[in-house]
Amino acid sequence: MRQATMIFFVGVGSGTISDITRYTAYKLKIPFILFPTAPSMDGFTSSGAALTIDNLKTTVAAKAPEAVFIDNEVIDNAPLTLKKAGFRDLMGKITAFLDWQLSHFLTGEKIDLDVLETVKNTYLKTLYAIETKEFSKNLLEGLIISGLMMTKVGSSRPASGSEHHISHFLEYHGVKTYHGIKVGLATLYILRFYKHFLSLSKDEILGMIHYTLDIDAWQDLMRRYFKFAYESVIRANLERVNRLNDKTFREELIKKLVEKKDSIDKIIYETLTIYKDLIHAYRFLDMPMHYRDLGIDDALFFIAFTCAPNIRDRFTILHLYEFLGLTQDVVNSF
Ligand SMILES: [Zn+2]
């Protein structure tokens, strides 16, 4: 009698191992299971793999594992640096949460309220466990649930927004630190855009109707800051940026923005109630709060917010600020 053999991959490790296993398993059509060894990122249960293509971090189709096995003792004893990275990746969901809803209001993008609520609960549960022994467990749980939510909606939208685009841009420019550390830094600065949005009056928004984006200057910028990928970046975004100067498009979006401003403000106000706790958590874990703490120079960091909307066709607060022509106003306040 012939014995049945089953071939499957086993990934033991954190982010990179998990993504390599996931992508290879998908390409070879082989099932796989994962044993995370640290709560360092949110992709364990995701169906997409974050790969670096043309030096640019891109999420490509892959597959979710058949099962994830967790040993709490291993997770508890994971290096603190990896826990910090995972915590900051999870805190990135705060701005991803806001970006998704902003897009829903302004572009009509579909949202899943259950998914939004679930993601919010996981980041809050971890944030408020920062000083307890539940921290590592809640953190990994939050990261795993975020991944499941991505699988549920079929995209990384519930877990990745403008803060991830900034992180990808910094990575492209050689800022070498954990993904989550960059995401968590960007989250703080993206929240400043949301705070700025609260301060905008409807009259100021109406005044931006005549703003035009200088397309030639934009192309020069893309050539300069996406040295190895500028052709594909320009190709992917040219139609989008040309539309920013279209009169009808501008009128419609400004009208919608004014109409929805109160509803958007309400969500931002509610979300920002955790701001103090977030700062406390960063301090408690002794984590970098300022871009210079990561050795990032002013010019690169400032330009990241102008370049980031071109990284992914996913509407975020940075797309809105690009449309309004106000990115520089916020950046100047950093
Ligand atoms: Zn992430």
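Trainee: Where along helix H11 does the axis bend, and what is the angle there?

Mentor: In this predicted model, H11 bends at Asn-237, by about 45 degrees. A bend of this kind is read by comparing the axis of the seven residues that end at the chosen position with the axis of the seven that start there.

Trainee: What end-to-end reach does H11 have, and what reach would be expected?

Mentor: H11 covers residues 230-243, which makes 14 residues, and from the first C-alpha to the last it reaches 19 Å, close to the expected 20 Å at 1.5 Å a residue. Helix H6, residues 135-153, can be read in the same way: with 19 residues it reaches 27 Å, close to the 27 Å expected.

Trainee: How many residues of H6 are buried, and what comes just after this helix?

Mentor: Burial is a matter of counting neighbours, and a residue is called buried if 20 or more other C-beta atoms lie within 10 Å of its own. By that count H6 is mostly covered, with 14 of its 19 residues buried, while in the chain as a whole 41% of the 334 residues count as buried. Just after H6 comes Gly-154, which takes a positive phi of about 75 degrees.

Trainee: Which residues other than glycine have a positive phi here, and where do they lie?

Mentor: Most residues other than glycine have a negative phi, so a positive value in such a residue deserves a second look. Lys-29 is one of them, with a positive phi of about 55 degrees, and it lies in the loop between H1 and E2. Asp-286 has a positive phi near 55 degrees, although it is a residue other than glycine, and its place is the loop between helix H13 (275-284) and helix H14 (298-307).

Trainee: Are Lys-29 and Asp-286 buried or exposed?

Mentor: The cut-off for an exposed residue is 12 or fewer C-beta neighbours. Lys-29 has 7 other C-beta atoms within 10 Å and is therefore exposed, and Asp-286, with 9 such neighbours inside 10 Å, counts as exposed too.

Trainee: What else should I look at in the loop between H13 and H14, for instance at Leu-294?

Mentor: Leu-294 is found in that loop, and with 15 C-beta neighbours inside 10 Å it counts as partly exposed. Leaving out residues up to four places away in sequence, Leu-294 touches Val-175, Thr-177, Leu-185 and Pro-288. Of these, Thr-177 is 117 residues away from Leu-294 in sequence, yet the two C-alpha atoms are 8.0 Å apart in space.

Trainee: What share of the contacts in the chain join residues at least 24 apart?

Mentor: Among contacts between residues at least 6 apart in sequence, the share that joins residues at least 24 apart is 75%.

Trainee: In what order do the strands of the open sheet lie, and which strands stand at its edges?

Mentor: Three strands form the open sheet, in the order E1-E2-E5, and the pairing is parallel. Strand E1 (9-13) and strand E5 (67-68) stand at the edges with a single partner strand each, so one side of each is left without a neighbour in the sheet. Five bridges join E1 and E2, and the partner of Phe-9 in E2 is Phe-32. Strand E2, residues 32-36, is joined to E5 by two bridges, with Val-68 in E5 as the bridge partner of Leu-34.

Trainee: Which residues of E2 make up its covered face, and which helix lies across E1 and E2?

Mentor: The covered face of E2 consists of Phe-32, Leu-34 and Pro-36, whereas Ile-33 and Phe-35 form the uncovered one. Helix H1, residues 15-28, lies across E1 and E2 and runs at about 165 degrees to E1.

Trainee: Which residues does Gly-13 contact, leaving aside its neighbours within four places in sequence?

Mentor: Gly-13, which is found in strand E1, is in contact with Ser-18 and Thr-37. With 16 C-beta neighbours inside 10 Å, Gly-13 counts as partly exposed. Asp-329 lies 316 residues from Gly-13 in sequence and 42 Å from it in space, C-alpha to C-alpha.

Trainee: How many helices and strands does the chain contain, and what is its radius of gyration?

Mentor: The chain has 16 helices and five strands. Its radius of gyration is 20 Å, close to the 20 Å that the globule rule gives for 334 residues, so the chain is as compact as a globular protein of that length. Along the principal axes, its C-alpha atoms fill a box of roughly 75 × 45 × 40 Å.

Definitions and conventions
Residues numbered from 1 in each chain as written. Predicted model: local features only at pLDDT ≥ 70, side-chain atom pairs only at ≥ 80, totals over all residues. Helix = DSSP H or I, 4+ residues; strand = E, 2+ residues; numbered from the N terminus. Rg over C-alpha atoms; globule rule 2.2 N^0.38 Å. Contact = placed C-beta atoms within 7 Å. Pairing = 2+ DSSP bridges. Axes fitted to C-alpha atoms, helices over the stretch in contact; angles between N-to-C directions. Expected span 1.5 Å × (residues − 1).
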